[in-house]
Every structure is written in C-alpha cells, then in structure tokens.
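Here's a quick briefing to read alongside the model. Have the sequence and the 3D view open as you go through the points.

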Amino acid sequence: MASATLLKSSFLPKKSEWGVTRQLAAPRPATVSMVVVRASAYADELVKTAKTIASPGRGILAMDESNATCGKRLASIGLENTEANRQAYRTLLVTAPGLGQYISGAILFEETLYQSATDGRKIVDILTEQGIVPGIKVDKGLVPLAGSNDESWCQGLDGLAAREAAYYQQGARFAKWRTVVSIPNGPSELAVKEAAWGLARYAAISQDNGLVPIVEPEILLDGEHGIDRTFEVAQKVWAETFFAMAENNVMFEGILLKPSMVTPGAEAKDRATPEQVAEYTLKLLHRRIPPAVPGIMFLSGGQSEVEATQNLNAMNQGPNPWHVSFSYARALQNTCLKTWGGQPENVKAAQDALLLRAKANSLAQLGKYTSDGEAAEAKEGMFVKNYSY
C-alpha cells in the first residue's frame, strides 16, 4: 500500500497543480530517457551503404577466410600457405573483369583490407573501381561457452570500436560478425542468448563507427534433424537477435542480415526441394524480420554451388519486402579455385568460373536462374562437419 500511495502522490497531482508539475518536471532527464532513440552520426551513410549492397541482381562475395583457412583452401590445390600465394589468389578474385555487375560487396579479412594486389594497386581501390563496397570481418572467432552443452560463443567485442574506426579510415564501409548455434547440442537457452547479445553489441558498435553491420546468426547444418526442427530453432534465434538489437538501439534500416536458409540437417534422411526450402525460409522471414531491414544476404553453409543458387532462385519467384540475395564464399569460389590450381596461365579460366557463378546467383536474385548446363562438379556438396574458419 505504501508503494501505491507514493505513486499516487508523486505522479498524479491535483488538477489545479497540473501546469506547475509539468513546468517543474520538464527539465528532468528521467521524464524523457525512455523515448530517446540513439541515432548514429553516420545514419544517412549507413542507409545508403546498405541499399547499395542490397541492389537488384547483386550480392556479396565472402572472401574473408582467415589466413589459416585460406591455407587449407590453398593446400587443396597443392599450394603452400604464404602471403604471396594468398595475395595471388585474392588478386585473381577482385580483378575478375565485370565482377561488379553481379557483386555489390566483398567481405575481406584484415590482411586483405590492407593488402595490395600483385600489380601494386590496393585491393580496396580495385574493389571500389569495380563498384563493389569493401567490407571487413571483425569477429575474433568461436571459443567454448562455459556452462553450455559443448557450445560456442563468438569473441571480439574488446577493442572493437577502435578497430572499426581504423577499418573505416582504410576504406571499409560494412562489417561482418559470425556466430553459430548448433541444433544437435541443444541449442541451450544460454547459447542462444549469448549469440543474440553478442551480435547486438557488435551491430551497435559498428553503426557508431560508420560500418553497416552484417548480422550473421548461423544455424549450423550439422545434424540429422528435419526441416521443421531447423525452422523451430531459427524462429527462436532470430527472435532473440532482433529483440537484443532493439534493446541496443540498432537502426534496422542500416543493417544487413546473413542467415542460414531453412534446410534439414546435412545428415538427415529426408532432403528438401528448393521449393520447400523457399517456403520454410520465406515463412520464417515474414514471421521474424522487420521490413525495415534492406537486405537478407543468405550464407550457403556447405551447400553445393548449384543447390545454393537453386534455393535462392526459388525464394525470388515472387515479390519480397526485402532484397533477398546471397553472401557466398565456397558457393562462389569452389570451382574458381580448382580451375586456377595455382597456375598463372589458368587465371583467366578461373576468373571466368567465378563470373559464371556470380552471374548464376545474380539471376537467382532476380528469380530468373535455370540449372541447365551446370557442370556436375558444381552440384557436389561442400558440407564439412564441425566446419570452422
């Protein structure tokens, strides 16, 4: 009763005192703190950048593999993991003629952001000349999550603001932070909340430093579960993520989402058709994603090159309130890398392979792709159990 009396006497003055109370209360910060909306100094630029990346017929080339992971890719074609070999491969990718027709953004590893191509030009400048927005991977990777069911959390918030300010000065205009949720391991409530909060803090810090945050809550393909279980988990993860971003005053018009498609687990007995993947994934988008988000840039997550393109195409057979597109790494690079094989004389053929895949996904973003004429190699799955990079 004491609390009720206090509230009544403090906040419900007599009618004759209304004007006086308003006048006295107006300057007090407490009366306006609940309605203040944080607006980044970069707000207009963030919206413009996000819309540029989410432009019709274009998507993102994810070439942000760490040096260790890049080394694994190079080893697959018999090359040593040296800076010179990494530079040669990255130069091949960014100098593919006309790449900007299909690619609007490229996610880089820190080494690449500061790296020059083999001809001496800065890689950032080459991308910009192609009309491709340079981006940067900013997370510091996955580590064990104490108290969970053998799950992970993503580190990298310490010092993030200072690093991103430097990346902006170097020419980056968007960022990427990947965290994962494992269905076979639960996922636990702790892991879901940790993933969502980490993504939200990263997104807020990125916007404060002029970088459009790509928010990547990846539901790992590992497991024997069916598509309905994936849908159920993804609903929870996306709900927690957008709630946490709202709590952190993230401006949704200035983000891009990089989620997994809703598919069965990689080891499930029942496979899903592109039409089923599209149906489940679009249903999830409509239930969980605000229309203010400009772009949904799907990851391929170990799907084959053709499978990732077919699924994206199926999602674009009707109008969507968002730009539904791609942010692929292996699903754009796999055939390209094998074609190159580390041989200078194969650079043009490798670039042609990259452009072929980029064009296929550009058509899929427009809902105009057909798989006629696709090579058998492009249909081979690339799922790796417990994949990390």
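A residue counts as buried when its relative accessible area is under 20%, as exposed when over 50%, and as partly exposed in between. By that cut-off Cys154, at 6% relative accessibility, is buried. Bear in mind that this is a predicted model. The centrepiece is a closed barrel of eight strands, and the whole structure holds 16 salt bridges but zero disulfides.

**The barrel**

- Going round the closed barrel, the strand order is β1-β2-β3-β6-β7-β8-β9-β10, and the pairing is parallel.
- β3 (residues 133-137) runs parallel to β6 and is joined to that strand by three bridges. Gly135 has Phe174 as its bridge partner in β6.
- On to the next pair: β6 and β7 (residues 212-219) are parallel and share eight bridges. Here Thr179 is partnered by Pro217 in β7.
- β6, α9 and β7 together form a β-α-β unit, and its hand is right.
- Further round, β8 (residues 256-257) and β9 (residues 295-298) run parallel, with two bridges between them. Leu257 finds its bridge partner in β9 at Ile296.

**Helices on the sheet**

- α10 packs on the sheet and touches β6, β7 and β8. The direction of α10 makes about 150° with that of β7.
- α14 (residues 347-365) lies across β2 (103-108) and β10 (323-328). Relative to β10, α14 runs at about 160°.

**What's tucked away**

- How many residues of β6 (residues 174-181) are buried? Eight of its eight, so this strand is mostly covered, with under 20% relative accessible area as the cut-off for each buried residue.
- The β6 side chains split into two sets: Phe174, Lys176, Arg178 and Val180 point one way, while Ala175, Trp177, Thr179 and Val181 point the other way. Both sets are buried, charged residues included.
- In α4 (residues 67-75), the buried residues are Thr69, Cys70, Gly71, Arg73 and Leu74. The cover over them includes α5 and α13 (330-340).

**Salt bridges with a partner far along the chain**

- Arg90 and Glu111 form a salt bridge, and their closest N and O atoms are 2.5 Å apart. This pair links distant parts of the chain, with Arg90 in α5 (residues 83-94), Glu111 in α6 (residues 110-113), and their positions 21 residues apart.
- Is Arg90 buried or exposed? Arg90 is buried, because its relative accessible area is 3%. Glu111 also counts as buried, because its value is 18%.
- Glu240 and Lys193 form another salt bridge, the closest N and O atoms being 3.2 Å apart. That pair also links distant parts of the chain: Glu240 sits in α10 (residues 227-247) and Lys193 in α9 (residues 189-208), 47 residues apart.
- Here the two ends don't match in burial. Glu240 is buried, with a relative accessible area of 13%, whereas Lys193 is partly exposed at 41%.
- Which residues are linked in a network of salt bridges? Glu189, Lys193, Lys236 and Glu240 are.

**A salt bridge with two partly exposed ends**

- Arg121 and Asp119 meet in a salt bridge through their side chains, at 2.8 Å from N to O.
- Arg121 counts as partly exposed because its relative accessibility is 35%. Asp119 lands in the partly exposed class too, at 45%.

**Around Thr112**

- Thr112 is found in helix α6. With a relative accessible area of 0%, Thr112 is buried.
- Leaving out residues up to four places away in sequence, Thr112 touches Met63, Arg90 and Ile123. Arg90 is the residue that forms a salt bridge with Glu111.
- Thr112 and Asn67 are 45 residues apart along the chain, yet 9.7 Å separates their C-alpha atoms.

**Cysteines**

- What would a disulfide be in chemical terms? A disulfide is a covalent bond between the sulfur atoms of two cysteines.
- The search of the whole structure turns up zero of them.
- Cys336 is buried, with a relative accessible area of 0%. Cys154 is buried as well, at 6%.
- Cys70 appears among the buried residues of α4.

Note on methods: Residues numbered from 1 in each chain as written. Predicted model: local features only at pLDDT ≥ 70, side-chain atom pairs only at ≥ 80, totals over all residues. Heavy atoms only, no water. Salt bridge = Lys/Arg side-chain N within 4 Å of Asp/Glu carboxyl O. Helix = DSSP H or I, 4+ residues; strand = E, 2+ residues; numbered from the N terminus. Buried < 20%, exposed > 50% of the residue type's maximum accessible area, 1.4 Å probe, protein only. Contact = heavy atoms within 4.5 Å. Pairing = 2+ DSSP bridges. Right-handed = clockwise from strand over helix to strand, strands pointing away. Axes fitted to C-alpha atoms, helices over the stretch in contact; angles between N-to-C directions. Disulfide = S-S within 2.5 Å.
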